[in-house]
Amino acid sequence: MIADYRSGATVYELGDRFGIERRTVSNILHRHSVPMRRRGLSPDEFDHAIHLYNLGLSLARVGDHLGVNHTTVLNKLRERGIPTRDTQGRPRIEAGDPQ
């Protein structure tokens, strides 16, 4: 697993390969002092993420499709001021927003 990660495999790919959660992969790598890569979204990937999200995919599905965590997608959407939906598909109301 460590060699595969060092060769470029993502924690998501390794999780799928070994049938474990990506957090478990991260924990194993951390215990072995393997430096972690942080993966964000390129501008093209972000444009694709917006497109998929606007088609109705959830943050989790968009993240899975692009190989990142759903919070990465959510944070990028928020950075750009793109409205998001709650888990029922309704517009998300942020703290401090008028109701």
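Reader: Let's start with one residue. Is Ser26 buried or exposed?

Author: Ser26 is buried, because its relative accessible area is 17% and buried means under 20%. Keep in mind that this is a predicted model. Ser26 belongs to helix H3, which covers residues 22–31. Setting aside residues up to four places away in sequence, Ser26 touches Val11 and Met36.

Reader: Thanks! Which helices and strands should I look for in the whole protein?

Author: You will find six helices and zero strands. Following the sequence, the pattern reads α-α-α-α-α-α. The radius of gyration is 16 Å, well over the 13 Å that the globule rule gives for 99 residues, so the protein is more spread out than a compact globule. Its C-alpha trace spans about 50 × 25 × 20 Å along the principal axes.

Reader: How much of the protein counts as buried?

Author: Of its 99 residues, 26% count as buried. The accessible surface comes to about 6,900 Å², and carbon and sulfur atoms account for 49% of that surface.

Reader: What should I know about nonpolar side chains before I look for a core?

Author: In soluble globular proteins, nonpolar side chains tend to be buried together. Here is the case in this structure. The largest nonpolar core has 13 residues, and those touching the most other members are Leu41, Leu59, Val62, Leu66, Val73 and Leu77. Helix H4 (43–54), helix H5 (59–66) and helix H6 (70–79) are the elements that give two or more residues to this core. H4 supplies the largest share, five residues.

Reader: Which residues does Val73 touch, leaving out those up to four places away in sequence?

Author: Val73 touches Leu59, Val62, Gly63 and Val68. There is also a second, separate core of seven residues, with Tyr5, Ala9, Val11 and Leu29 among them.

Reader: Now the loops. Where is Leu57 found?

Author: Leu57 sits in the loop between H4 and H5. With 27% relative accessibility, Leu57 counts as partly exposed, because that class lies between the 20% limit for buried and the 50% limit for exposed. Beyond residues up to four places away in sequence, Leu57 touches Leu52, Val62 and Arg85. Try locating Gly89 as well: Leu57 and Gly89 are 32 residues apart in sequence, and their C-alpha atoms are 9.7 Å apart in space.

Reader: What share of contacts joins residues 24 or more positions apart?

Author: Among contacts with a separation of 6 or more, 46% come from residues 24 or more positions apart.

Reader: And what is the usual sign of phi in residues other than glycine?

Author: Most residues other than glycine have a negative phi. In this structure, phi of Ser33 is near 55°, a positive value in a residue other than glycine. You can find Ser33 in the loop between H3 and H4. Ser33 counts as exposed, at 61% relative accessibility.

Reader: Is Asn69, another loop residue, buried or exposed?

Author: Asn69 is in the loop between H5 and H6. Its relative accessible area is 16%, so Asn69 is buried. Apart from neighbours within four places in sequence, Asn69 is in contact with Tyr12 and Arg22.

Reader: One last topic, the charges. How many positive and negative charges are there?

Author: The protein has 15 positive and 12 negative charges, and the mean positions of these two groups are 5 Å apart.

How values were computed:
Residues numbered from 1 in each chain as written. Predicted model: local features only at pLDDT ≥ 70, side-chain atom pairs only at ≥ 80, totals over all residues. Heavy atoms only, no water. Helix = DSSP H or I, 4+ residues; strand = E, 2+ residues; numbered from the N terminus. Rg over C-alpha atoms; globule rule 2.2 N^0.38 Å. Buried < 20%, exposed > 50% of the residue type's maximum accessible area, 1.4 Å probe, protein only. Contact = heavy atoms within 4.5 Å. Areas by Shrake-Rupley, 256 points an atom, 1.4 Å probe, with all protein chains shown as cover. Lys, Arg positive; Asp, Glu negative; His and termini not counted. Charge placed at Lys NZ, Arg CZ, Asp CG, Glu CD. Core = buried A, V, L, I, M, F, W, Y, C linked by side-chain atoms within 4.5 Å.
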